[in-house]
Amino acid sequence: MADLYHECGIAAIYHLPGEPHRLAPKGGPSQVSRHIPRLLLDIQNRGQLAAGMTVYRPTHPQLLETYKDVGTVTEVFQLNHQTDATALMDRYAGVAAIGHVRYATCGGDDRGNAQPFERHHIEKHKWFAFGFNGQLANYQELRQEILSQPNFHLARDTDTEVLLHLISQQLSGDRLPRLIDVLSVLSQRLDGAWNIVFLNAQGEMAVARDPLGIRPLCYAFDGSLFAAASESVALANLGFRQEHIRNVPPGHAVLIQNGQLELVEFATSPRRAHCFFEWIYFANVASTLDERSVYLTRKRLGEELARQETLTIDENTIVVPVPDTAKAAADSMAFTLKVPSVEGLMRNRYMGRTFIEGTNREDKARMKYTPLPEVLAGKRVILVEDTIVRSTTMKVLISQLKDRGQAKEVHVRVACPPILSPCFYGIDMTTINQLFAPKFMNLGDPLTPEVEARMADAIGAESLRYLSFESIARSIDLPSTSICQACLDGKYPTSAGKQLYQLELDRMHIAGVQGRAFDR
Ligand code: SF4
(Lines give C-alpha, C1' and ligand atoms only; values in the text may rest on other atoms or scores of the structure.)
Protein backbone atom coordinates (compact mmCIF):
# COMPACT_ATOMS: atom_id res chain seq x y z
CA MET A 1 0.00 0.00 0.00
CA ALA A 2 1.51 3.28 -1.02
CA ASP A 3 -0.95 5.99 -0.21
CA LEU A 4 -1.28 6.02 3.55
CA TYR A 5 0.99 7.72 6.03
CA HIS A 6 1.57 7.83 9.72
CA GLU A 7 1.79 10.85 11.94
CA CYS A 8 5.18 10.51 13.62
CA GLY A 9 7.75 8.54 15.58
CA ILE A 10 9.56 9.43 18.80
CA ALA A 11 12.74 8.29 20.52
CA ALA A 12 14.71 9.08 23.67
CA ILE A 13 17.98 8.07 25.30
CA TYR A 14 19.54 8.77 28.71
CA HIS A 15 22.75 7.60 30.30
CA LEU A 16 22.11 7.66 34.03
CA PRO A 17 24.90 8.12 36.57
CA GLY A 18 26.92 4.92 36.98
CA GLU A 19 29.33 2.74 35.08
CA PRO A 20 29.53 3.47 31.35
CA HIS A 21 27.10 1.08 29.68
CA ARG A 22 28.38 -1.41 27.11
CA LEU A 23 26.23 0.37 24.48
CA ALA A 24 27.58 3.84 25.30
CA PRO A 25 29.47 5.40 22.38
CA LYS A 26 33.28 5.45 22.35
CA GLY A 27 33.28 8.97 23.76
CA GLY A 28 31.47 7.75 26.88
CA PRO A 29 28.13 8.43 28.61
CA SER A 30 28.18 12.16 27.82
CA GLN A 31 27.84 11.26 24.13
CA VAL A 32 24.79 8.94 24.11
CA SER A 33 22.84 11.45 22.03
CA ARG A 34 24.86 10.02 19.11
CA HIS A 35 22.43 7.07 19.14
CA ILE A 36 19.40 9.22 18.31
CA PRO A 37 19.83 9.16 14.48
CA ARG A 38 20.18 5.39 14.65
CA LEU A 39 17.00 5.03 16.72
CA LEU A 40 15.18 7.35 14.34
CA LEU A 41 16.34 5.44 11.25
CA ASP A 42 14.57 2.34 12.55
CA ILE A 43 11.26 4.15 13.00
CA GLN A 44 11.42 6.19 9.83
CA ASN A 45 8.49 4.18 8.46
CA ARG A 46 6.51 6.53 10.73
CA GLY A 47 7.57 9.81 9.07
CA GLN A 48 10.00 11.01 6.46
CA LEU A 49 9.07 14.67 6.21
CA ALA A 50 11.34 16.01 8.95
CA ALA A 51 13.59 14.82 11.75
CA GLY A 52 15.31 16.31 14.74
CA MET A 53 16.62 15.96 18.26
CA THR A 54 17.10 17.94 21.46
CA VAL A 55 20.10 17.20 23.66
CA TYR A 56 20.75 17.88 27.33
CA ARG A 57 24.30 18.91 28.33
CA PRO A 58 24.70 19.86 31.99
CA THR A 59 28.23 21.21 31.48
CA HIS A 60 27.35 23.45 28.56
CA PRO A 61 25.91 26.99 28.79
CA GLN A 62 23.21 25.96 26.36
CA LEU A 63 21.72 23.26 28.59
CA LEU A 64 19.22 22.17 25.98
CA GLU A 65 19.86 22.48 22.28
CA THR A 66 17.67 21.44 19.38
CA TYR A 67 18.74 20.45 15.91
CA LYS A 68 16.03 19.73 13.33
CA ASP A 69 15.20 20.15 9.69
CA VAL A 70 12.95 18.92 6.90
CA GLY A 71 14.10 15.74 5.18
CA THR A 72 14.71 12.10 5.96
CA VAL A 73 16.88 11.07 8.91
CA THR A 74 19.77 10.49 6.50
CA GLU A 75 19.37 13.95 4.99
CA VAL A 76 18.84 15.84 8.24
CA PHE A 77 21.72 14.17 10.09
CA GLN A 78 23.89 14.10 6.93
CA LEU A 79 24.48 10.40 7.36
CA ASN A 80 25.78 10.06 3.80
CA HIS A 81 28.77 12.28 4.66
CA GLN A 82 30.83 10.77 7.43
CA THR A 83 32.78 13.96 8.26
CA ASP A 84 29.67 16.16 8.36
CA ALA A 85 27.70 13.60 10.37
CA THR A 86 30.53 13.22 12.90
CA ALA A 87 30.92 16.98 13.26
CA LEU A 88 27.18 17.32 13.80
CA MET A 89 27.14 14.62 16.46
CA ASP A 90 30.20 16.20 18.15
CA ARG A 91 28.39 19.51 18.30
CA TYR A 92 25.21 17.96 19.71
CA ALA A 93 26.80 15.46 22.08
CA GLY A 94 24.82 15.04 25.30
CA VAL A 95 24.11 12.69 28.16
CA ALA A 96 20.40 12.65 27.28
CA ALA A 97 18.40 13.36 24.15
CA ILE A 98 14.96 13.07 22.59
CA GLY A 99 14.30 12.62 18.87
CA HIS A 100 11.46 12.82 16.40
CA VAL A 101 10.54 11.86 12.83
CA ARG A 102 7.59 13.64 11.31
CA TYR A 103 4.84 13.12 8.80
CA ALA A 104 2.15 15.81 8.77
CA THR A 105 -1.53 15.07 9.20
CA CYS A 106 -1.77 18.53 10.74
CA GLY A 107 0.31 21.66 10.01
CA GLY A 108 2.59 22.47 7.07
CA ASP A 109 5.78 20.80 5.94
CA ASP A 110 8.28 23.58 6.73
CA ARG A 111 11.17 23.46 9.20
CA GLY A 112 9.14 25.32 11.84
CA ASN A 113 6.83 22.34 12.17
CA ALA A 114 9.70 19.90 12.59
CA GLN A 115 10.10 18.54 16.13
CA PRO A 116 11.19 18.52 18.92
CA PHE A 117 9.57 21.81 19.86
CA GLU A 118 11.74 23.69 22.35
CA ARG A 119 10.65 26.44 24.70
CA HIS A 120 13.51 28.46 26.09
CA HIS A 121 13.19 29.96 29.59
CA ILE A 122 15.51 31.47 32.18
CA GLU A 123 14.12 29.12 34.85
CA LYS A 124 15.49 25.65 34.23
CA HIS A 125 12.33 23.68 35.00
CA LYS A 126 10.41 25.87 32.54
CA TRP A 127 12.95 25.42 29.76
CA PHE A 128 11.93 22.25 27.98
CA ALA A 129 11.61 20.41 24.67
CA PHE A 130 9.27 17.66 23.60
CA GLY A 131 8.37 15.42 20.66
CA PHE A 132 4.84 14.22 20.03
CA ASN A 133 3.42 11.17 18.26
CA GLY A 134 -0.30 11.03 17.65
CA GLN A 135 -3.10 13.45 16.96
CA LEU A 136 -5.38 15.40 19.28
CA ALA A 137 -8.99 14.82 18.28
CA ASN A 138 -10.06 17.82 20.40
CA TYR A 139 -7.40 20.05 18.82
CA GLN A 140 -9.87 22.65 17.56
CA GLU A 141 -11.55 23.03 20.95
CA LEU A 142 -8.20 23.43 22.69
CA ARG A 143 -7.04 25.88 20.05
CA GLN A 144 -10.18 28.02 20.37
CA GLU A 145 -9.89 27.94 24.14
CA ILE A 146 -6.34 29.28 23.97
CA LEU A 147 -7.15 31.93 21.36
CA SER A 148 -10.15 33.15 23.33
CA GLN A 149 -7.80 34.39 26.06
CA PRO A 150 -6.61 37.98 25.55
CA ASN A 151 -2.92 38.30 24.60
CA PHE A 152 -2.62 34.64 23.62
CA HIS A 153 -1.56 33.76 20.12
CA LEU A 154 -0.82 30.58 18.20
CA ALA A 155 1.49 30.96 15.23
CA ARG A 156 1.00 27.53 13.68
CA ASP A 157 -1.88 25.36 12.63
CA THR A 158 -0.73 22.27 14.48
CA ASP A 159 -1.73 20.37 17.58
CA THR A 160 1.93 20.27 18.66
CA GLU A 161 1.89 24.02 19.31
CA VAL A 162 -1.29 23.61 21.36
CA LEU A 163 0.50 20.97 23.38
CA LEU A 164 3.50 23.27 23.83
CA HIS A 165 1.18 25.91 25.19
CA LEU A 166 -0.63 23.50 27.54
CA ILE A 167 2.64 22.22 28.99
CA SER A 168 3.90 25.81 29.41
CA GLN A 169 0.69 26.68 31.23
CA GLN A 170 1.30 23.86 33.69
CA LEU A 171 4.80 25.11 34.36
CA SER A 172 3.91 28.79 34.71
CA GLY A 173 3.91 30.78 37.94
CA ASP A 174 5.94 30.21 41.05
CA ARG A 175 4.91 26.59 41.56
CA LEU A 176 7.35 23.80 40.88
CA PRO A 177 4.94 21.12 39.66
CA ARG A 178 5.96 17.47 39.58
CA LEU A 179 6.19 15.96 36.09
CA ILE A 180 3.61 13.33 37.02
CA ASP A 181 1.15 16.12 37.91
CA VAL A 182 1.81 17.90 34.61
CA LEU A 183 1.02 14.68 32.73
CA SER A 184 -1.99 14.02 34.90
CA VAL A 185 -3.48 17.45 34.08
CA LEU A 186 -2.66 16.96 30.38
CA SER A 187 -4.51 13.64 30.39
CA GLN A 188 -7.65 15.45 31.54
CA ARG A 189 -7.38 18.01 28.72
CA LEU A 190 -6.28 15.89 25.77
CA ASP A 191 -8.50 13.64 23.70
CA GLY A 192 -6.91 11.34 21.17
CA ALA A 193 -3.57 9.68 20.63
CA TRP A 194 -0.63 11.30 22.33
CA ASN A 195 2.74 9.83 23.12
CA ILE A 196 5.31 12.31 24.35
CA VAL A 197 9.05 12.41 24.93
CA PHE A 198 9.95 15.38 27.14
CA LEU A 199 13.28 16.76 28.34
CA ASN A 200 13.95 19.84 30.46
CA ALA A 201 17.02 21.92 31.33
CA GLN A 202 17.21 20.27 34.74
CA GLY A 203 17.95 17.03 32.93
CA GLU A 204 14.54 15.54 33.71
CA MET A 205 12.97 13.25 31.14
CA ALA A 206 9.44 11.93 30.71
CA VAL A 207 8.35 9.29 28.18
CA ALA A 208 4.57 9.14 28.36
CA ARG A 209 1.80 7.17 26.64
CA ASP A 210 -1.84 8.24 26.49
CA PRO A 211 -4.37 6.41 28.68
CA LEU A 212 -5.78 4.42 25.75
CA GLY A 213 -2.40 3.40 24.36
CA ILE A 214 -3.53 4.19 20.82
CA ARG A 215 0.01 4.48 19.41
CA PRO A 216 2.77 2.09 20.47
CA LEU A 217 5.62 3.15 22.77
CA CYS A 218 8.46 0.93 23.98
CA TYR A 219 11.38 1.42 26.33
CA ALA A 220 14.46 -0.46 27.40
CA PHE A 221 16.38 -0.11 30.64
CA ASP A 222 19.55 -1.98 31.42
CA GLY A 223 21.89 -0.84 34.20
CA SER A 224 22.75 2.78 33.48
CA LEU A 225 21.24 3.06 30.00
CA PHE A 226 17.65 3.96 29.20
CA ALA A 227 16.18 4.33 25.73
CA ALA A 228 12.69 4.60 24.30
CA ALA A 229 11.20 4.46 20.81
CA SER A 230 7.83 4.18 19.13
CA GLU A 231 8.74 0.65 18.11
CA SER A 232 10.73 -2.12 19.75
CA VAL A 233 12.84 -2.80 16.65
CA ALA A 234 14.81 0.41 17.23
CA LEU A 235 15.78 -0.68 20.76
CA ALA A 236 16.64 -4.23 19.72
CA ASN A 237 18.80 -2.97 16.83
CA LEU A 238 20.61 -0.59 19.16
CA GLY A 239 21.73 -3.66 21.10
CA PHE A 240 19.32 -4.00 24.03
CA ARG A 241 18.50 -7.59 24.91
CA GLN A 242 14.93 -8.75 24.43
CA GLU A 243 14.35 -9.16 28.18
CA HIS A 244 15.12 -5.46 28.72
CA ILE A 245 12.58 -4.18 26.18
CA ARG A 246 9.08 -3.39 27.44
CA ASN A 247 5.97 -1.42 26.50
CA VAL A 248 5.08 1.77 28.27
CA PRO A 249 1.66 0.80 29.68
CA PRO A 250 -1.21 3.15 28.70
CA GLY A 251 -1.56 6.06 31.14
CA HIS A 252 2.01 5.54 32.34
CA ALA A 253 5.27 7.39 31.96
CA VAL A 254 8.90 6.58 32.52
CA LEU A 255 10.32 9.49 34.52
CA ILE A 256 13.98 10.21 35.02
CA GLN A 257 14.59 12.72 37.81
CA ASN A 258 17.67 13.23 40.00
CA GLY A 259 19.43 10.38 38.21
CA GLN A 260 16.66 7.91 39.17
CA LEU A 261 14.26 6.13 36.85
CA GLU A 262 10.72 5.12 37.71
CA LEU A 263 7.62 3.96 35.86
CA VAL A 264 4.61 5.90 37.13
CA GLU A 265 0.89 5.87 36.40
CA PHE A 266 -0.34 9.40 35.71
CA ALA A 267 -3.87 8.53 34.56
CA THR A 268 -6.15 5.54 34.96
CA SER A 269 -6.69 3.66 31.75
CA PRO A 270 -10.44 3.11 31.19
CA ARG A 271 -9.73 0.65 28.40
CA ARG A 272 -7.06 -0.01 25.84
CA ALA A 273 -7.51 1.06 22.24
CA HIS A 274 -4.34 0.02 20.41
CA CYS A 275 -4.58 0.97 16.73
CA PHE A 276 -4.90 -2.31 14.80
CA PHE A 277 -3.32 -0.66 11.76
CA GLU A 278 0.03 -0.66 13.53
CA TRP A 279 0.20 -4.45 13.26
CA ILE A 280 -1.27 -4.90 9.82
CA TYR A 281 0.57 -2.11 8.02
CA PHE A 282 2.44 0.69 9.80
CA ALA A 283 4.87 -0.88 12.16
CA ASN A 284 8.16 -2.40 11.15
CA VAL A 285 7.57 -6.13 10.64
CA ALA A 286 10.41 -6.85 13.09
CA SER A 287 8.69 -4.99 15.95
CA THR A 288 6.75 -6.40 18.88
CA LEU A 289 4.04 -4.03 20.11
CA ASP A 290 2.18 -4.59 23.35
CA GLU A 291 3.60 -8.10 23.52
CA ARG A 292 2.25 -8.98 20.10
CA SER A 293 4.62 -9.63 17.20
CA VAL A 294 3.93 -7.68 14.01
CA TYR A 295 5.34 -10.47 11.85
CA LEU A 296 3.26 -13.22 13.50
CA THR A 297 0.13 -11.09 13.19
CA ARG A 298 0.68 -10.62 9.47
CA LYS A 299 1.45 -14.33 9.08
CA ARG A 300 -1.86 -15.19 10.77
CA LEU A 301 -3.72 -12.71 8.54
CA GLY A 302 -2.33 -14.65 5.56
CA GLU A 303 -3.55 -17.91 7.05
CA GLU A 304 -6.99 -16.35 7.50
CA LEU A 305 -6.95 -15.34 3.83
CA ALA A 306 -6.04 -18.90 2.85
CA ARG A 307 -8.86 -20.35 4.97
CA GLN A 308 -11.51 -18.31 3.20
CA GLU A 309 -10.10 -18.83 -0.32
CA THR A 310 -12.53 -20.41 -2.79
CA LEU A 311 -10.62 -19.89 -6.04
CA THR A 312 -9.75 -23.06 -7.95
CA ILE A 313 -6.00 -23.44 -7.65
CA ASP A 314 -4.16 -24.81 -10.69
CA GLU A 315 -0.52 -24.94 -11.82
CA ASN A 316 -0.82 -21.45 -13.30
CA THR A 317 -1.89 -19.87 -10.01
CA ILE A 318 0.65 -17.73 -8.17
CA VAL A 319 0.52 -15.46 -5.13
CA VAL A 320 2.11 -12.03 -5.57
CA PRO A 321 2.55 -9.70 -2.57
CA VAL A 322 2.29 -5.95 -2.97
CA PRO A 323 5.76 -5.03 -1.66
CA ASP A 324 6.78 -4.71 1.07
CA THR A 325 4.25 -4.67 3.89
CA ALA A 326 1.96 -7.39 2.47
CA LYS A 327 4.79 -9.90 2.06
CA ALA A 328 4.38 -11.75 5.38
CA ALA A 329 0.64 -12.23 4.82
CA ALA A 330 1.13 -13.24 1.17
CA ASP A 331 3.84 -15.77 2.00
CA SER A 332 1.82 -17.48 4.70
CA MET A 333 -1.32 -17.51 2.54
CA ALA A 334 0.67 -19.10 -0.28
CA PHE A 335 2.31 -21.61 2.06
CA THR A 336 -1.09 -22.67 3.42
CA LEU A 337 -2.57 -22.99 -0.07
CA LYS A 338 0.58 -24.72 -1.39
CA VAL A 339 0.90 -22.12 -4.14
CA PRO A 340 4.22 -20.37 -4.96
CA SER A 341 4.60 -16.85 -3.55
CA VAL A 342 6.64 -14.95 -6.11
CA GLU A 343 7.90 -11.41 -6.58
CA GLY A 344 5.95 -10.40 -9.64
CA LEU A 345 6.06 -6.76 -8.61
CA MET A 346 9.33 -5.03 -7.83
CA ARG A 347 9.31 -1.89 -5.77
CA ASN A 348 11.65 0.92 -6.72
CA ARG A 349 13.36 1.43 -3.39
CA TYR A 350 15.05 4.64 -4.42
CA MET A 351 11.93 6.70 -5.17
CA GLY A 352 11.57 7.79 -1.54
CA ARG A 353 9.98 11.22 -1.32
CA THR A 354 11.32 12.26 -4.71
CA PHE A 355 9.48 15.04 -6.50
CA ILE A 356 9.21 14.60 -10.24
CA GLU A 357 7.55 17.43 -12.08
CA GLY A 358 4.14 16.76 -13.58
CA THR A 359 3.46 13.52 -11.73
CA ASN A 360 0.17 12.78 -9.99
CA ARG A 361 -0.74 9.99 -7.55
CA GLU A 362 -1.28 7.49 -10.41
CA ASP A 363 2.05 8.36 -12.07
CA LYS A 364 3.83 7.94 -8.77
CA ALA A 365 2.27 4.51 -8.19
CA ARG A 366 3.28 3.55 -11.76
CA MET A 367 6.85 4.66 -11.17
CA LYS A 368 7.05 2.96 -7.80
CA TYR A 369 6.33 -0.61 -8.98
CA THR A 370 7.65 -2.61 -11.91
CA PRO A 371 5.77 -5.77 -12.97
CA LEU A 372 7.85 -8.74 -14.18
CA PRO A 373 6.36 -10.43 -17.28
CA GLU A 374 8.74 -13.38 -16.86
CA VAL A 375 6.90 -14.16 -13.60
CA LEU A 376 3.38 -12.99 -14.46
CA ALA A 377 2.70 -13.81 -18.15
CA GLY A 378 -0.29 -16.12 -18.56
CA LYS A 379 -0.72 -16.53 -14.79
CA ARG A 380 -3.74 -16.36 -12.58
CA VAL A 381 -2.41 -13.91 -9.97
CA ILE A 382 -3.65 -13.78 -6.38
CA LEU A 383 -2.50 -10.27 -5.48
CA VAL A 384 -2.22 -9.85 -1.71
CA GLU A 385 -2.49 -6.35 -0.28
CA ASP A 386 -2.58 -5.29 3.38
CA THR A 387 -5.45 -2.83 2.95
CA ILE A 388 -7.21 -0.66 0.39
CA VAL A 389 -7.70 2.93 1.48
CA ARG A 390 -8.16 5.08 -1.61
CA SER A 391 -7.67 2.44 -4.34
CA THR A 392 -5.53 4.70 -6.57
CA THR A 393 -2.48 2.49 -6.16
CA MET A 394 -4.45 -0.72 -6.49
CA LYS A 395 -6.02 0.32 -9.80
CA VAL A 396 -2.64 1.23 -11.23
CA LEU A 397 -1.07 -2.01 -10.00
CA ILE A 398 -3.75 -4.17 -11.57
CA SER A 399 -3.48 -2.44 -14.93
CA GLN A 400 0.32 -2.77 -14.75
CA LEU A 401 0.10 -6.49 -13.89
CA LYS A 402 -2.14 -7.07 -16.89
CA ASP A 403 -0.67 -4.68 -19.47
CA ARG A 404 3.05 -4.83 -18.82
CA GLY A 405 3.11 -8.08 -16.85
CA GLN A 406 0.73 -9.99 -19.16
CA ALA A 407 -1.06 -11.62 -16.23
CA LYS A 408 -4.16 -13.53 -17.35
CA GLU A 409 -6.27 -12.80 -14.26
CA VAL A 410 -5.79 -10.73 -11.09
CA HIS A 411 -7.66 -11.72 -7.92
CA VAL A 412 -7.17 -9.21 -5.12
CA ARG A 413 -7.06 -10.48 -1.54
CA VAL A 414 -6.99 -7.85 1.19
CA ALA A 415 -5.57 -8.78 4.61
CA CYS A 416 -7.99 -6.36 6.31
CA PRO A 417 -11.74 -5.58 6.32
CA PRO A 418 -13.03 -2.56 4.33
CA ILE A 419 -12.02 0.87 5.67
CA LEU A 420 -15.33 2.69 6.10
CA SER A 421 -14.67 5.66 8.35
CA PRO A 422 -11.91 8.20 8.92
CA CYS A 423 -9.16 8.26 11.50
CA PHE A 424 -8.79 11.19 13.92
CA TYR A 425 -5.90 9.66 15.87
CA GLY A 426 -2.90 10.22 13.63
CA ILE A 427 -3.39 8.28 10.42
CA ASP A 428 -3.65 10.21 7.19
CA MET A 429 -7.31 9.43 6.29
CA THR A 430 -9.57 12.05 7.78
CA THR A 431 -12.51 12.22 5.38
CA ILE A 432 -15.01 9.59 4.23
CA ASN A 433 -14.92 10.92 0.68
CA GLN A 434 -11.31 9.92 0.19
CA LEU A 435 -12.02 6.27 1.08
CA PHE A 436 -12.73 3.52 -1.45
CA ALA A 437 -15.09 1.15 0.41
CA PRO A 438 -17.82 3.69 1.44
CA LYS A 439 -18.56 4.24 -2.26
CA PHE A 440 -19.95 0.69 -2.30
CA MET A 441 -21.33 0.05 1.18
CA ASN A 442 -22.37 1.85 4.36
CA LEU A 443 -21.08 1.23 7.84
CA GLY A 444 -23.06 -1.68 9.31
CA ASP A 445 -24.00 -3.14 5.91
CA PRO A 446 -22.96 -6.76 5.39
CA LEU A 447 -20.08 -7.25 2.97
CA THR A 448 -21.73 -9.47 0.35
CA PRO A 449 -20.16 -11.22 -2.66
CA GLU A 450 -22.14 -8.78 -4.86
CA VAL A 451 -20.53 -5.76 -3.17
CA GLU A 452 -17.08 -7.33 -3.52
CA ALA A 453 -17.80 -8.05 -7.19
CA ARG A 454 -18.67 -4.38 -7.80
CA MET A 455 -15.51 -3.30 -6.02
CA ALA A 456 -13.42 -5.74 -8.10
CA ASP A 457 -14.99 -4.33 -11.22
CA ALA A 458 -14.12 -0.78 -10.19
CA ILE A 459 -10.44 -1.57 -9.81
CA GLY A 460 -10.22 -3.84 -12.87
CA ALA A 461 -9.71 -7.13 -11.00
CA GLU A 462 -11.38 -10.48 -11.69
CA SER A 463 -12.34 -10.77 -8.02
CA LEU A 464 -11.75 -9.15 -4.64
CA ARG A 465 -12.07 -10.57 -1.15
CA TYR A 466 -11.59 -8.82 2.19
CA LEU A 467 -10.94 -10.40 5.55
CA SER A 468 -13.72 -10.49 8.14
CA PHE A 469 -13.84 -8.00 11.01
CA GLU A 470 -13.35 -10.80 13.55
CA SER A 471 -10.14 -11.98 11.90
CA ILE A 472 -8.25 -8.84 13.00
CA ALA A 473 -8.51 -9.34 16.78
CA ARG A 474 -7.95 -13.07 16.25
CA SER A 475 -4.75 -12.45 14.28
CA ILE A 476 -3.34 -9.83 16.66
CA ASP A 477 -4.35 -12.15 19.50
CA LEU A 478 -5.93 -9.40 21.57
CA PRO A 479 -9.59 -9.02 22.57
CA SER A 480 -11.41 -6.63 20.23
CA THR A 481 -12.18 -4.48 23.29
CA SER A 482 -8.44 -3.75 23.58
CA ILE A 483 -7.94 -2.50 20.04
CA CYS A 484 -9.20 0.53 18.12
CA GLN A 485 -10.98 -0.49 14.94
CA ALA A 486 -12.99 2.71 14.54
CA CYS A 487 -12.11 3.05 10.86
CA LEU A 488 -13.77 -0.36 10.35
CA ASP A 489 -16.79 -0.12 12.64
CA GLY A 490 -17.18 3.61 13.45
CA LYS A 491 -16.84 2.96 17.19
CA TYR A 492 -14.44 5.71 18.23
CA PRO A 493 -12.84 5.19 21.64
CA THR A 494 -12.92 8.89 22.66
CA SER A 495 -15.68 11.49 22.88
CA ALA A 496 -13.96 13.96 20.53
CA GLY A 497 -13.47 11.14 18.00
CA LYS A 498 -17.21 10.38 18.17
CA GLN A 499 -18.06 14.07 17.70
CA LEU A 500 -15.71 14.46 14.74
CA TYR A 501 -17.24 11.40 13.11
CA GLN A 502 -20.75 12.83 13.50
CA LEU A 503 -19.53 16.14 12.05
CA GLU A 504 -17.95 14.29 9.15
CA LEU A 505 -21.25 12.47 8.47
CA ASP A 506 -23.18 15.78 8.64
CA ARG A 507 -20.59 17.47 6.44
CA MET A 508 -20.97 14.77 3.81
CA HIS A 509 -24.68 15.46 3.57
CA ILE A 510 -24.21 19.17 2.97
CA ALA A 511 -23.55 19.62 -0.72
CA GLY A 512 -20.45 21.56 -1.57
CA VAL A 513 -18.77 21.38 1.85
CA GLN A 514 -15.08 20.71 1.42
CA GLY A 515 -12.26 19.98 3.83
CA ARG A 516 -12.00 17.84 6.93
CA ALA A 517 -14.18 17.75 10.05
CA PHE A 518 -10.84 17.98 11.86
CA ASP A 519 -10.21 21.44 10.32
CA ARG A 520 -13.62 22.90 10.90
S1 SF4 B 1 -9.40 4.83 13.57
FE2 SF4 B 1 -8.31 3.15 12.53
S3 SF4 B 1 -6.34 4.00 11.91
FE4 SF4 B 1 -7.22 5.38 13.44
S5 SF4 B 1 -6.40 4.72 15.40
FE6 SF4 B 1 -8.33 3.66 15.17
S7 SF4 B 1 -7.80 1.76 14.15
FE8 SF4 B 1 -6.04 3.09 13.94
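How many helices and strands does the secondary structure of the protein chain come to? The count is 17 helices and 23 strands. The legends below take parts of this predicted model in turn.

**Figure 1. The protein chain as a whole.** The 17 helices and 23 strands belong to a chain with a radius of gyration of 23 Å. For 520 residues the globule rule gives 24 Å, and the value for this chain is close to that, so the chain is as compact as a globular protein of that length. The C-alpha trace spans about 70 × 55 × 45 Å along its principal axes. Of the 520 residues, 49% are buried. Among contacts with a separation of 6 or more, 71% are between residues 24 or more positions apart.

**Figure 2. An open sheet of seven strands.** The strand order is S3-S2-S4-S1-S10-S9-S11, and the pairing is antiparallel. Strand S3 (64-70) and strand S11 (245-247) are at the edges; each has a single partner strand, so one side of each has no neighbour in the sheet. Direction ignored, neighbouring strands here are turned by 15° against each other on average. Inside the order, strand S1 (residues 8-15) is paired with strand S10 (residues 225-229) through five bridges in the antiparallel sense. One pair to look for is isoleucine 13 with its bridge partner in S10, alanine 227.

**Figure 3. An open sheet of six strands.** This sheet has the order S5-S6-S7-S8-S12-S13, again with antiparallel pairing. Its edges are strand S5 (117-119) and strand S13 (260-265), each with a single partner strand, so each has one side without a neighbour in the sheet. On average, neighbouring strands are turned by 20° against each other, direction ignored.

**Figure 4. The S5 edge, with a helix and a cis peptide bond.** Strand S5 runs antiparallel to strand S6 (residues 128-136), and three bridges join the two. Phenylalanine 117 has phenylalanine 130 of S6 as its bridge partner. Helix H5 (residues 159-171) lies across both S5 and S6, and runs at about 130° to S6. The peptide bond from glutamine 115 to proline 116 is cis, with omega near 5°. Proline 116 sits in the loop between strand S4 (96-102) and S5. This loop links two strands that have appeared above: S4 is listed in the order of the seven-strand sheet, and S5 is an edge of the six-strand sheet.

**Figure 5. Parallel strands around S20.** Strand S20 (residues 380-385) is mostly covered, with five of its six residues buried. S17 and S20 run parallel and are joined by five bridges. S20 is also parallel to strand S21 (residues 409-414), through six bridges. Isoleucine 382 in S20 has bridge partners in both of these strands: valine 319 is paired with isoleucine 382, and histidine 411 in S21 is the other partner.

**Figure 6. Loops on either side of helix H10.** A cis peptide bond joins proline 323 and aspartate 324, with omega about -5°. Aspartate 324 is in the loop between strand S17 (317-321) and helix H10 (327-337). Lysine 338 is in the loop between H10 and strand S18 (345-347). Its phi is near 60°, a positive value in a residue other than glycine. Is lysine 338 buried or exposed? Lysine 338 has 8 other C-beta atoms within 10 Å, so it counts as exposed; the cut-off for exposed is 12 or fewer.

**Figure 7. Aspartate 477 in its loop.** Aspartate 477 lies between helix H15 (470-476) and strand S23 (483-484). This residue, which is not glycine, has a positive phi, near 70°. Aspartate 477 is partly exposed because 13 other C-beta atoms lie within 10 Å.

**Figure 8. The surroundings of the ligand, and arginine 507.** The residues around the ligand include Ile214, Cys275, Phe276, Phe277, Cys423, Tyr425 and Gln485. By class, this shell has 10 nonpolar residues, one polar residue and no charged residues. Arginine 507 is placed in helix H17 (residues 495-509). Its C-alpha atom is separated by 26 Å from that of isoleucine 214, and the two residues are 293 residues apart along the chain. Arginine 507 counts as partly exposed because it has 18 C-beta neighbours inside 10 Å.

Definitions and conventions:
Residues numbered from 1 in each chain as written. Predicted model: local features only at pLDDT ≥ 70, side-chain atom pairs only at ≥ 80, totals over all residues. Near = placed C-beta within 6 Å. Nonpolar A, V, L, I, M, F, W, Y, C, P; charged D, E, K, R; others polar. Helix = DSSP H or I, 4+ residues; strand = E, 2+ residues; numbered from the N terminus. Buried ≥ 20, exposed ≤ 12 C-beta atoms within 10 Å, placed from the backbone. Rg over C-alpha atoms; globule rule 2.2 N^0.38 Å. Contact = placed C-beta atoms within 7 Å. Pairing = 2+ DSSP bridges. Axes fitted to C-alpha atoms, helices over the stretch in contact; angles between N-to-C directions.
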